[in-house]
Amino acid sequence: MFGLEALDLARIQFAFTISFHILFPAITIGLASYLAVLEGLWLKTHNDTYRDLYHFWSKIFAVNFGMGVVSGLVMAYQFGTNWSRFSDFAGSVTGPLLTYEVLTAFFLEAGFLGVMLFGWNKVGRKLHFFATVMVAIGTLISTFWILASNSWMQTPQGYEIVNGQVIPVDWLAVIFNPSFPYRLLHMSTAAFVATAFFVGSSAAWHLLRGRDNPAIRTMLSMAMWMALIVAPIQAVIGDFHGLNTLKHQPAKIAAIEGHWENHGDEPTPLILFGWPDMKAEKTRFAVEVPYLGSLILTHSLDKQVPALKEFAPEDRPNSTIVFWSFRIMVGLGMLMIFTGLWSLWLRKRDTLYSSRPFLYLALWMGPSGLIAILAGWFTTEIGRQPWVVYGLMRTADASSGHSFTQMSITLALFVVVYFSLFGAGLGYMMRLVRKGPVINEGAEPSHGGPGQKRTPARPLSAADDDGDHSDSLNKGN
């Protein structure tokens, strides 16, 4: 069907499941730290707005966390079911790294998550805040180990191959492989930016509907400060990441740039747009800027960037895909920086919360961070092809060798189950977002909190069917 083979379906299945999964950890990472900041600000200032926002976003965090755990289990099983040869070859490296994640991050998160979500009126303030911080740290530790494993597959070191299997000989070299620091910073920052625009979009939605209160304003303000500060930092991290990739995976950079050949000693131009044709070995309809490719990728005006024709055809990534996935990621990143700068200008004019054109932009930028993450992961993973472990094992040699029929059935089942299960979960989460933070307008400021008699947070009963706010003003307060 469509010229696909069983290997292609196995790759599509993995791409489909990981694309669903990565959305949830990204928001989990960002929201966990956001919740820690909100509770810390509430403890310091006793401003109930921060407490109300904490209860509101903790419900969304709980739903998102649960979906992330479920989708993550599927990812782990696929290594054994669809990629058993890879597991046999590199399992002595990837297996322990994933185990370390469970032993450190997952147990830490699981141990304190219950206190964080259901201990608001059962433990003291400091202990509850400590639990929230531990959950936030756990999400970052999880990112550390997952990125260590993935980065080793991109830039492997600290190993020996004995009897056709990878044997780790230096765990520090395995973990802190050449691309790991850049990938860890790039992914963690991407999670914070994606969460900021998710939060900002929800605030913009409420403001556009006329629901203007201190909690909504605080959401938008904090989100836009994050966008203003962190989005440019992400661009700088991405630049360093690109330099590292050029050094260790030059074929990936050539594919990303749609750059097929160098001419004499001429500097490499930057192809802004075009259509890389893998068969014709050229980029059609190319719109080029002279010298700019050399300047961005080598930080000089005379050095050349390796070209795709310098690599054997069987060693070239699919330039058609990564060329455009990379540009989607960069384009959205530029829009994020623009949004942050616009918010600063409006803030100075005291119109941040009333400018409808800006609020519509903030609303539509809500999924931009998650789309950029997906585009970045497509660039990273497809750009690594045809290797599953770069330079050591080809993807074609890593699969379990299931039949086309078997892969077709399982892929179809995954599509049906994922859209049904996670579609329902995402729909419920959006209902929570539409409901918005609940406040007691006109009530006396309350200093209650952990250890005080208050209504406990109940993430699975927070969204009323009718969406009315009047009957739930005290929930989460």
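Is Thr143 buried or exposed? At 5% relative accessibility, Thr143 counts as buried. The views below are close-ups of a predicted model.

**View 1. Thr143 and its contacts in helix α4.** Thr143 is found in helix α4, residues 125-154. Its relative accessibility is 5%, so Thr143 is classed as buried, the limit being under 20%. Neighbours within four places in sequence are left aside here. Beyond them, Thr143 is in contact with Ile29, Leu184, Met187 and Ser188.

**View 2. Trp57 pairs with Tyr34 and with Phe198.** The count of aromatic pairs comes to 29. In one of them, the ring centres of Tyr34 and Trp57 are 6.3 Å apart. Their planes meet at 70°, so this pair is edge-to-face. The pair links distant parts of the chain, 23 residues apart: Tyr34 is in helix α1 (residues 6-45) and Trp57 in helix α2 (residues 48-81). Tyr34 counts as buried, at 12% relative accessibility. Trp57 is buried too, with a relative accessible area of 0%. The rings of Trp57 and Phe198 have their centres 5.6 Å apart. With the planes at 70°, that pair is also edge-to-face. Here the partners are 141 residues apart, Trp57 in helix α2 and Phe198 in helix α6 (residues 180-208). Phe198 is buried, with a relative accessible area of 11%.

**View 3. An aromatic cluster.** Ring pairs join seven residues named here: Phe16, Phe20, Phe24, Phe414, Tyr418, Phe419 and Phe422.

**View 4. Helix α8 is largely enclosed by the rest of the structure.** Helix α8 spans residues 250-257. Why does it count as largely enclosed? Because 8 of its 8 residues are buried. Among them are the charged residues Lys252 and Glu257. The others are Pro250, Ala251, Ile253, Ala254, Ala255 and Ile256. Just after α8, Gly258 takes a positive phi of about 60°.

**View 5. Arg327 meets Glu257 and Phe323.** Glu257 forms a salt bridge with Arg327. The closest N and O atoms are 3.9 Å apart. The pair links distant parts of the chain, Glu257 in helix α8 and Arg327 in helix α10 (residues 319-348), 70 residues apart. Both Glu257 and Arg327 are buried. Arg327 also lies over the face of Phe323, at 3.6 Å from the ring centre.

**View 6. Salt bridges at Asp48 in helix α2.** A search of the whole structure finds 9 salt bridges. One of them joins Asp48 and Arg51, with the closest N and O atoms 3.4 Å apart. Both residues lie in helix α2, 3 residues apart, about one turn of the helix. An α-helix has 3.6 residues a turn, so residues three or four places apart point the same way. Asp48 is buried, and so is Arg51. Asp48, Arg51 and Asp52 are linked in a network of salt bridges.

**View 7. Glu281 in a loop, bridged to Arg316.** Glu281 is found in the loop between β3 (270-277) and β4 (282-289). Its phi is near 60°, a positive value in a residue other than glycine. Most residues other than glycine have a negative phi. Glu281 forms a salt bridge with Arg316, the closest N and O atoms being 2.7 Å apart. The pair links distant parts of the chain: Arg316 is in the loop between α9 (292-298) and α10, 35 residues from Glu281. Glu281 counts as partly exposed, at 26% relative accessibility. Arg316 counts as buried, at 12%.

**View 8. Asn163, with a positive phi.** Asn163 has its place in the loop between β1 (159-162) and β2 (165-168). Phi of Asn163 is near 55°. Asn163 is exposed, with a relative accessible area of 76%.

**View 9. A cis peptide bond before Pro386.** The bond joins Gln385 and Pro386, with omega about 10°. Pro386 is in the loop between α12 (368-384) and β5 (387-389). For Trp387, the charged end of Arg394 sits over the ring, 4.3 Å from its centre.

**View 10. A nonpolar surface patch that includes Leu103.** Tyr100, Val102, Leu103, Phe106 and Phe107 make up the patch, of about 440 Å². Leu103 is in helix α3, residues 84-118. At 51% relative accessibility, Leu103 counts as exposed, the limit being over 50%.

How values were computed: Residues are numbered from 1 along each chain as its sequence is written. This is a predicted model: local features need pLDDT of at least 70, side-chain atom pairs count only at pLDDT 80 or more; totals for chains, interfaces and linings use all residues. Side-chain values use heavy atoms; hydrogens and water are left out. Patches are made of residues with over 30% relative accessible area and no salt bridge: like charges are joined within 9 Å, nonpolar side chains (Val, Leu, Ile, Met, Phe, Trp, Tyr) within 5 Å. Accessible areas come from the Shrake-Rupley method with a 1.4 Å probe; for residues, only the protein chains shown count as cover. A salt bridge is a side-chain nitrogen of Lys or Arg within 4 Å of a carboxyl oxygen of Asp or Glu. Helices (H or I, at least four residues) and strands (E, at least two) are DSSP runs, numbered from the N terminus. Buried means under 20% relative accessible area, exposed over 50%, partly exposed in between (1.4 Å probe, protein chains only). Rings of Phe, Tyr and Trp (its six-membered ring) pair if their centres lie within 6.5 Å; planes under 30 degrees apart count as stacked, over 60 as edge-to-face and the rest as tilted. A charge sits over a ring if NZ of Lys or CZ of Arg is within 6 Å of the ring centre and within 35 degrees of the ring normal. Contact means heavy atoms within 4.5 Å.
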